[in-house]
Amino acid sequence: MNTSIECFLANNYYELLKIAKKITRNHEMSGDLLHEVICQLYDKEKISLMEYTDNQIKYYIVAIMRINWNSST
């Protein structure tokens, strides 16, 4: 994983948890959703973003959370 993303996760974990709760409408699995996305990020060999700014990283993580939450599988 890119060190910028890893640093972002460490510094913004609680903000991401709030976003996960908002996406899931306070479902009890919101923490699990965030943890699953973090695991997916660690498993991914290469993450390509145009820039590794906090906003770009946040947008990328939120997009993955939305996709995971709304997925039927």
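**Exercise 1. Is Arg25 buried or exposed?** Find where Arg25 sits, then look at its backbone and at its neighbour Asn26.

*Solution.* Before starting, keep in mind that this is a predicted model.
- Step 1: locate the residue. Arg25 belongs to the loop between helix 2 and helix 3.
- Step 2: check its accessibility. The relative accessible area of Arg25 is 76%, and the cut-off for exposed is over 50%, so Arg25 is exposed.
- Step 3: look at the backbone. Arg25 isn't a glycine, yet its phi is positive, about 55°.
- Step 4: move on to Asn26. This residue lies in the loop between helix 2 and helix 3, and its phi is near 60°, a positive value in a residue other than glycine. With 61% relative accessibility, Asn26 counts as exposed.

**Exercise 2.** Work out how confident the predictor is in this chain, and which elements mark the two ends of the scale.

*Solution.*
- Step 1: take the chain as a whole. Its mean pLDDT is 96, and 100% of the residues reach 70 or more.
- Step 2: go element by element. Helix 1 (residues 3-11) has the lowest mean pLDDT, 96, while helix 2 has the highest, 98.
- Step 3: remember what the score is for. Where pLDDT is low, predicted coordinates shouldn't be read in detail.

**Exercise 3.** Track down the aromatic pair and classify it.

*Solution.*
- Step 1: search the whole structure. One aromatic pair turns up.
- Step 2: name the partners and get the geometry. The ring centres of Tyr13 and Tyr14 are 5.2 Å apart, and the ring planes stand at 85°.
- Step 3: classify. Planes over 60 degrees apart count as edge-to-face, so the Tyr13 and Tyr14 pair is edge-to-face.
- Step 4: check how much of each residue shows. Tyr13 is partly exposed at 23% relative accessibility, whereas Tyr14 is exposed at 64%.

**Exercise 4.** Find the salt bridge and say which parts of the chain it ties together.

*Solution.*
- Step 1: count. There is one salt bridge.
- Step 2: identify it. The side chains of Glu15 and Lys58 meet, with 2.6 Å from N to O.
- Step 3: place both ends. Glu15 is in helix 2 (residues 13-23) and Lys58 is in helix 4 (residues 54-70), so the pair links distant parts of the chain, 43 residues apart.
- Step 4: look at exposure. Glu15 is partly exposed, at 32%, and Lys58 is partly exposed, at 27%.

**Exercise 5.** Describe how helix 3 and helix 4 pack.

*Solution.*
- Step 1: get the geometry. The two helices pack at an angle of about 115°, and their axes are 10 Å apart.
- Step 2: give the handedness. Helix 3 passes helix 4 in a right-handed crossing.
- Step 3: list who makes the contact. Helix 3 brings Leu33, Leu34, Val37, Gln40 and Leu41, and helix 4 brings Tyr60, Ile61, Ile64, Met65, Asn68 and Trp69.

**Exercise 6.** Compare the surroundings of Ser30 with those of Lys22.

*Solution.*
- Step 1: start with Ser30, which is found in helix 3 (residues 30-43). Its relative accessible area is 4%, so Ser30 is buried.
- Step 2: find its contacts. Leaving aside neighbours within four places in sequence, Ser30 is in contact with Leu17, Ala20, Lys21 and Thr24.
- Step 3: turn to Lys22, in helix 2. Lys22 is exposed, with a relative accessible area of 70%.
- Step 4: take one distance. From C-alpha to C-alpha, Lys22 and Glu36 are 16 Å apart in space, with their places 14 residues apart in sequence.

How values were computed
Residues numbered from 1 in each chain as written. Predicted model: local features only at pLDDT ≥ 70, side-chain atom pairs only at ≥ 80, totals over all residues. Heavy atoms only, no water. Phe/Tyr/Trp six-rings, centres within 6.5 Å; stacked < 30°, edge-to-face > 60°. Buried < 20%, exposed > 50% of the residue type's maximum accessible area, 1.4 Å probe, protein only. Salt bridge = Lys/Arg side-chain N within 4 Å of Asp/Glu carboxyl O. Helix = DSSP H or I, 4+ residues; strand = E, 2+ residues; numbered from the N terminus. pLDDT = per-residue confidence, 0-100. Contact = heavy atoms within 4.5 Å. Axes fitted to C-alpha atoms, helices over the stretch in contact; angles between N-to-C directions. Left-handed = near helix turned anticlockwise from the far one by under 90°.
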